[in-house]
Amino acid sequence: GRVIVILSDKPKEEVEDSLANVDTHGSRIIIRRGDTVSHEDLVRVAVASAKSILVIIPDKRASVDASDVSVSLTLLALSTLPLRASIVYELQVRVCH
(Lines give C-alpha, C1' and ligand atoms only; values in the text may rest on other atoms or scores of the structure.)
Protein backbone atom coordinates (compact mmCIF):
# COMPACT_ATOMS: atom_id res chain seq x y z
CA GLY A 1 0.00 0.00 0.00
CA ARG A 2 0.87 3.65 -0.28
CA VAL A 3 0.83 6.49 2.16
CA ILE A 4 -2.11 8.83 1.56
CA VAL A 5 -2.11 12.19 3.30
CA ILE A 6 -5.34 14.14 3.61
CA LEU A 7 -5.15 17.86 4.38
CA SER A 8 -8.55 19.16 5.45
CA ASP A 9 -9.96 22.07 7.39
CA LYS A 10 -12.38 19.64 9.04
CA PRO A 11 -11.64 18.00 12.40
CA LYS A 12 -9.63 14.78 12.12
CA GLU A 13 -12.45 12.74 13.68
CA GLU A 14 -14.92 13.98 11.06
CA VAL A 15 -12.59 13.01 8.23
CA GLU A 16 -11.96 9.60 9.83
CA ASP A 17 -15.71 9.02 10.13
CA SER A 18 -16.23 9.89 6.45
CA LEU A 19 -13.60 7.29 5.52
CA ALA A 20 -14.90 4.56 7.82
CA ASN A 21 -16.25 2.35 5.01
CA VAL A 22 -13.54 3.05 2.45
CA ASP A 23 -11.32 0.17 1.36
CA THR A 24 -7.79 1.59 1.42
CA HIS A 25 -6.27 -1.47 -0.28
CA GLY A 26 -3.59 -1.62 2.39
CA SER A 27 -2.65 2.06 2.13
CA ARG A 28 -1.89 4.05 5.25
CA ILE A 29 -4.07 7.16 5.69
CA ILE A 30 -2.63 10.18 7.49
CA ILE A 31 -5.02 13.03 8.26
CA ARG A 32 -3.76 16.53 8.99
CA ARG A 33 -5.93 19.50 9.80
CA GLY A 34 -4.98 22.65 7.96
CA ASP A 35 -5.66 25.06 5.15
CA THR A 36 -5.08 23.92 1.58
CA VAL A 37 -4.12 27.45 0.54
CA SER A 38 -1.52 27.81 3.29
CA HIS A 39 2.06 27.42 2.09
CA GLU A 40 3.10 26.30 5.57
CA ASP A 41 0.39 23.63 5.78
CA LEU A 42 1.24 22.29 2.32
CA VAL A 43 4.92 22.07 3.29
CA ARG A 44 3.96 20.40 6.60
CA VAL A 45 2.22 17.55 4.74
CA ALA A 46 5.22 17.18 2.36
CA VAL A 47 3.19 17.93 -0.74
CA ALA A 48 6.41 18.50 -2.70
CA SER A 49 7.26 14.79 -2.37
CA ALA A 50 3.81 13.56 -3.43
CA LYS A 51 3.41 11.42 -6.52
CA SER A 52 -0.19 12.51 -7.02
CA ILE A 53 -2.30 15.33 -5.67
CA LEU A 54 -6.09 15.36 -5.66
CA VAL A 55 -7.85 18.68 -5.10
CA ILE A 56 -11.51 18.06 -4.35
CA ILE A 57 -14.39 20.40 -3.70
CA PRO A 58 -14.36 20.95 0.06
CA ASP A 59 -18.13 21.41 0.45
CA LYS A 60 -20.46 19.89 -2.12
CA ARG A 61 -23.30 22.09 -0.80
CA ALA A 62 -21.45 25.34 -1.53
CA SER A 63 -22.28 27.40 -4.57
CA VAL A 64 -20.54 26.58 -7.85
CA ASP A 65 -18.62 29.85 -7.72
CA ALA A 66 -17.47 29.37 -4.12
CA SER A 67 -16.37 25.79 -4.79
CA ASP A 68 -14.45 26.69 -7.92
CA VAL A 69 -12.75 29.63 -6.19
CA SER A 70 -11.67 27.33 -3.35
CA VAL A 71 -10.18 24.79 -5.77
CA SER A 72 -8.52 27.55 -7.81
CA LEU A 73 -6.90 29.07 -4.71
CA THR A 74 -5.54 25.65 -3.74
CA LEU A 75 -4.10 25.21 -7.24
CA LEU A 76 -2.46 28.65 -6.99
CA ALA A 77 -0.94 27.73 -3.62
CA LEU A 78 0.38 24.47 -5.09
CA SER A 79 1.95 26.37 -7.99
CA THR A 80 4.30 28.12 -5.54
CA LEU A 81 5.95 24.81 -4.62
CA PRO A 82 8.41 22.62 -6.53
CA LEU A 83 6.12 19.70 -7.38
CA ARG A 84 6.80 16.45 -9.22
CA ALA A 85 3.25 15.25 -8.85
CA SER A 86 0.36 14.92 -11.23
CA ILE A 87 -2.50 17.13 -10.07
CA VAL A 88 -6.11 16.13 -10.56
CA TYR A 89 -8.75 18.62 -9.52
CA GLU A 90 -12.51 18.75 -9.35
CA LEU A 91 -14.72 21.63 -10.44
CA GLN A 92 -18.48 21.94 -10.34
CA VAL A 93 -20.43 22.33 -13.53
CA ARG A 94 -23.02 25.02 -13.90
CA VAL A 95 -25.92 23.91 -16.09
CA CYS A 96 -27.60 26.75 -17.95
CA HIS A 97 -31.04 26.29 -19.43
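Let's start with the space inside this one. The largest pocket holds about 1,400 Å³. Keep in mind that this is a predicted model.

Who sits around that pocket? There are 41 lining residues. Those closest to the centre are Ile-4, Val-5, Ile-6, Leu-7 and Leu-54. Four elements each give two or more residues to the lining: strand S1, helix H1, strand S3 and helix H3. On the sequence, S1 covers 3–8 and H1 covers 12–18. S3 runs over 52–55, and H3 over 64–78.

Which element gives the most to this lining? That is S1, with six residues.

Now the chemistry of the lining. Nonpolar residues number 24. Polar residues number nine, and charged residues eight. Why probe for space this way at all? Because rolling a probe the size of a water molecule over the atoms shows where empty space is left.

Step back to the whole chain. The chain has three helices and four strands. Along the sequence they follow the pattern β-α-β-α-β-α-β. The C-alpha atoms fill a box of roughly 45 × 35 × 20 Å along the principal axes. The chain has 97 residues, and 25% of them count as buried.

Next, the surface. Four residues form a nonpolar patch there: Val-37, Val-69, Leu-73 and Leu-76. Together they have about 340 Å² of accessible area. Take Leu-73 as one of them. Leu-73 is found in helix H3, an element that also helps line the largest pocket. Why does Leu-73 count as partly exposed? Because its relative accessible area is 43%, and partly exposed lies between the 20% and 50% cut-offs.

On to charge. How many salt bridges does the structure hold? One. In that bridge the side chains of Asp-41 and Arg-44 meet, at 3.4 Å from N to O. The general idea is simple. Side chains of opposite charge can pair when their charged atoms come close. Where do these two partners sit? Both are in helix H2, residues 39–44. They are three residues apart, so about one helical turn separates them. Their surroundings can be put in numbers too. Asp-41 is buried, at 15% relative accessible area. Arg-44 is partly exposed, at 43%.

Now two backbone spots to look at on the screen. The first is His-25. Phi of His-25 is positive, about 55°, although His-25 is not a glycine. His-25 sits in the loop between H1 and S2. Is His-25 buried or exposed? His-25 counts as exposed, because its relative accessibility is 65% and the cut-off for exposed is over 50%.

The second is Ala-46. Here phi is near 60°, again a positive value in a residue other than glycine. Ala-46 is found in the loop between H2 and S3. With a relative accessible area of 39%, Ala-46 is partly exposed.

One last residue, back in the loop between H1 and strand S2: Val-22. S2 itself covers 28–33. Val-22 is partly exposed, with a relative accessible area of 44%. How far apart are the C-alpha atoms of Val-22 and Asp-68? They are separated by 26 Å, and the two residues lie 46 residues apart along the chain.

To recap, and then I'll stop. We have a pocket of about 1,400 Å³, to whose lining S1 gives the most. We have a nonpolar surface patch that includes Leu-73. We have one salt bridge, between Asp-41 and Arg-44. And we have positive phi values at His-25 and Ala-46.

Note on methods:
Residues are numbered from 1 along each chain as its sequence is written. This is a predicted model: local features need pLDDT of at least 70, side-chain atom pairs count only at pLDDT 80 or more; totals for chains, interfaces and linings use all residues. Side-chain values use heavy atoms; hydrogens and water are left out. On a 1 Å grid over the protein atoms alone, a cavity is a set of points where a 1.4 Å probe fits but cannot get out, and a pocket is an open set with protein on both sides within 12 Å along at least five of seven lines; lining residues have an atom within 4 Å of a point. Grid points are joined across faces, edges and corners, and a volume is the space filled by probe spheres set on the points. Ala, Val, Leu, Ile, Met, Phe, Trp, Tyr, Cys and Pro count as nonpolar, Asp, Glu, Lys and Arg as charged, and the others, Gly among them, as polar. Patches are made of residues with over 30% relative accessible area and no salt bridge: like charges are joined within 9 Å, nonpolar side chains (Val, Leu, Ile, Met, Phe, Trp, Tyr) within 5 Å. Accessible areas come from the Shrake-Rupley method with a 1.4 Å probe; for residues, only the protein chains shown count as cover. Buried means under 20% relative accessible area, exposed over 50%, partly exposed in between (1.4 Å probe, protein chains only).
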